[in-house]
Amino acid sequence: MEKTQTYHDQVTIEQTQKLREVLKTLPPFTRDYFRAMEPTTSARTRISYAYDIRVFFHFLLSENPAFKDKTMDDFTVDVLDQLQAVDIEEFQEYLKVYDSAEDNRLQTNGERGLKRKMSALRSFYNYYYKREMIKTNPVLLVDMPKLHDKAIIRLDPDETAELLDYIEHAGDSLTGQKKAYYEKTRLRDLAIVTLLLGTGIRVSECVGLDVEDVDFKNDAIRVVRKGGSEMMIYFGDEVEQALLNYLEDRAAITPVAGHEHALFYSTQRKRIGIQAVENMVKKYAREITTTKKITPHKLRSTYGTTLYQETGDIYLVADVLGHKDVNTTKKHYAAMDDSRRRKAATAVKLRKA
């Protein structure tokens, strides 16, 4: 069957439509900023920024007396010149705990959430300041939240083997409907987890795979990376076997119209979604470890860590993981290799024998 539209195209269209809906809830002048971002960012990134900027304007309406009688549509670009550094500091404080304007639920932000929202506001201000549409940029006068390094959570080699073994044989202890469901999804689940552990691809890249993206001749998959670029990722024998086993099962599935090309199907015979894969990984991982919260991203971390420890090549790790900046990779993987740090203790001799 001829492919008329790729999964990536469909997602981009859906996200673009969602962005337009969010922009309707922002001051009209902000659309210039999001239009200017379009060539260099994904629709997903622009949606995140739109939500963050909307929080800023809700803050002005609810917390700043100067705007108590205003509505979102009343704001013009001049409002940015009316604010001072102290207003931005108050916003940063507000972000720690506030009521969501959408559902009145209490929202909180840790240091990473704070930094993301402040980065969005800084980018927003920079756009209008560089184009000389405003004369001041108070965000530059406010210190950004400091981020503390977090330990990378990953599976140890024995836990990786245990996870795969459990997925393969979990049905031994199940009965009835649970066993039937497990048997129906076993080969798919094993193929997905093996693929994530064996290639380090993102969960979004995994669910976006079409069956035509798998090349067994070269043992590779074609993935669409963040930003839309394509890349061939190579896999080993274990991934190959898991995929071949699953594809035998997949051949017996009659997919819902429009989902014929998807590599991985849900039990509804549609392309499996990100949330479904996340829930599946968490379900199995809970049986292996209670001290680590394992998600698909943690499987990616496990792959990156193993690849770095086996090769010592941080540039290879950066390339395979699709990191645009090798410093991102260094920060996450090179600094945490305890075995290499231990070698430092004996590498330097203060007195030659």
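This is a short walk through the structure in your viewer, one selection at a time.

**Whole chain**

Start with everything shown, and keep in mind that this is a predicted model. Colour by secondary structure and you should find 14 helices and five strands. The C-alpha atoms fill a box of roughly 75 × 65 × 40 Å along the principal axes. Of the 353 residues, 40% count as buried. Look at contacts between residues with a separation of 6 or more, and 59% of them turn out to join residues 24 or more positions apart.

**Stop 1: F56 and helix 4**

Select F56, which sits in helix 3. F56 counts as buried because its relative accessibility is 1%, under the 20% cut-off. What does F56 touch once neighbours within four places in sequence are set aside? The contacts are L80, L83, I88, F91 and L121. Now pick F91 as well and put a distance label on the two C-alpha atoms: they are separated by 7.2 Å, although the residues are 35 apart along the chain.

F91 takes you to helix 4, residues 85-94. Show its buried side chains: A85, D87, I88, F91, Q92 and Y94. As a group, these buried residues pack against helix 3, strand 1 (97-99) and helix 5.

**Stop 2: a salt bridge between helices 3 and 5**

Stay with helices 3 and 5 and select K117 and D52. The two form a salt bridge, with the closest N and O atoms 3.6 Å apart. K117 belongs to helix 5 (residues 111-130) and D52 to helix 3 (residues 43-63), so this pair ties together parts that are 65 residues apart in sequence. Is this pair buried or exposed? K117 is buried, at 8% relative accessible area, and D52 is buried too, at 3%.

**Stop 3: K292 and its two acidic partners**

Next, centre on K292. One of its partners is D156: their side chains meet in a salt bridge at 3.5 Å, N to O. D156 lies in the loop between helix 5 and helix 6, while K292 lies in the loop between helix 10 (274-286) and helix 11, so the pair ties together parts 136 residues apart in sequence. D156 is partly exposed, with a relative accessible area of 33%.

Then add E159, which also forms a salt bridge with K292, here with the closest N and O atoms 2.8 Å apart. This pair, too, links distant parts of the chain, with E159 in helix 6 and K292 in that same loop between helix 10 and helix 11, 133 residues apart. E159 is buried, at 12% relative accessible area.

Before moving on, go back to the pair from the previous stop and add R116: salt bridges that share partners join D52, R116 and K117 into one network. If you want to hunt for others, a search of the whole structure finds 14 salt bridges.

**Stop 4: the second largest pocket**

Switch on a surface or your favourite pocket display. The second largest pocket has a volume of about 490 Å³. To find it, select T160, L197, T302, Y303 and T306, which are the closest to its centre among the 20 residues of the lining. Helix 6 (157-169), helix 7 (176-199), helix 9 (237-250) and helix 11 each give two or more residues to that lining. Which element gives the most? That is helix 11, with seven residues. Colour the lining by class and you get seven nonpolar, eight polar and five charged residues.

While you have helix 11 up, select T305, which lies in this helix (residues 296-311). T305 is buried, with a relative accessible area of 4%. Its side chain reaches the backbone oxygen of S301 at 2.8 Å.

**Stop 5: helix 12, end to end**

Finish at helix 12, residues 314-321. Begin with D313, which caps the N-terminal end: a side-chain oxygen lies 3.1 Å from the backbone nitrogen of Y315. Then show I314, V317, A318, V320 and L321, the buried residues of the helix. These pack against helix 7, strand 5 (230-234), helix 11 and helix 13 (326-332). Last selection: G322, just after helix 12, where phi is positive at about 80 degrees.

Conventions: Residues numbered from 1 in each chain as written. Predicted model: local features only at pLDDT ≥ 70, side-chain atom pairs only at ≥ 80, totals over all residues. Heavy atoms only, no water. Helix = DSSP H or I, 4+ residues; strand = E, 2+ residues; numbered from the N terminus. Buried < 20%, exposed > 50% of the residue type's maximum accessible area, 1.4 Å probe, protein only. Polar contact = N/O pair within 3.5 Å; in protein donor to acceptor, adjacent residues only side chain to side chain. 1 Å grid on protein atoms, 1.4 Å probe; cavity = no way out; pocket = protein on both sides within 12 Å on 5 of 7 lines; lining within 4 Å. Points joined across faces, edges and corners; volume = space filled by probe spheres on them. Nonpolar A, V, L, I, M, F, W, Y, C, P; charged D, E, K, R; others polar. Salt bridge = Lys/Arg side-chain N within 4 Å of Asp/Glu carboxyl O. Contact = heavy atoms within 4.5 Å.
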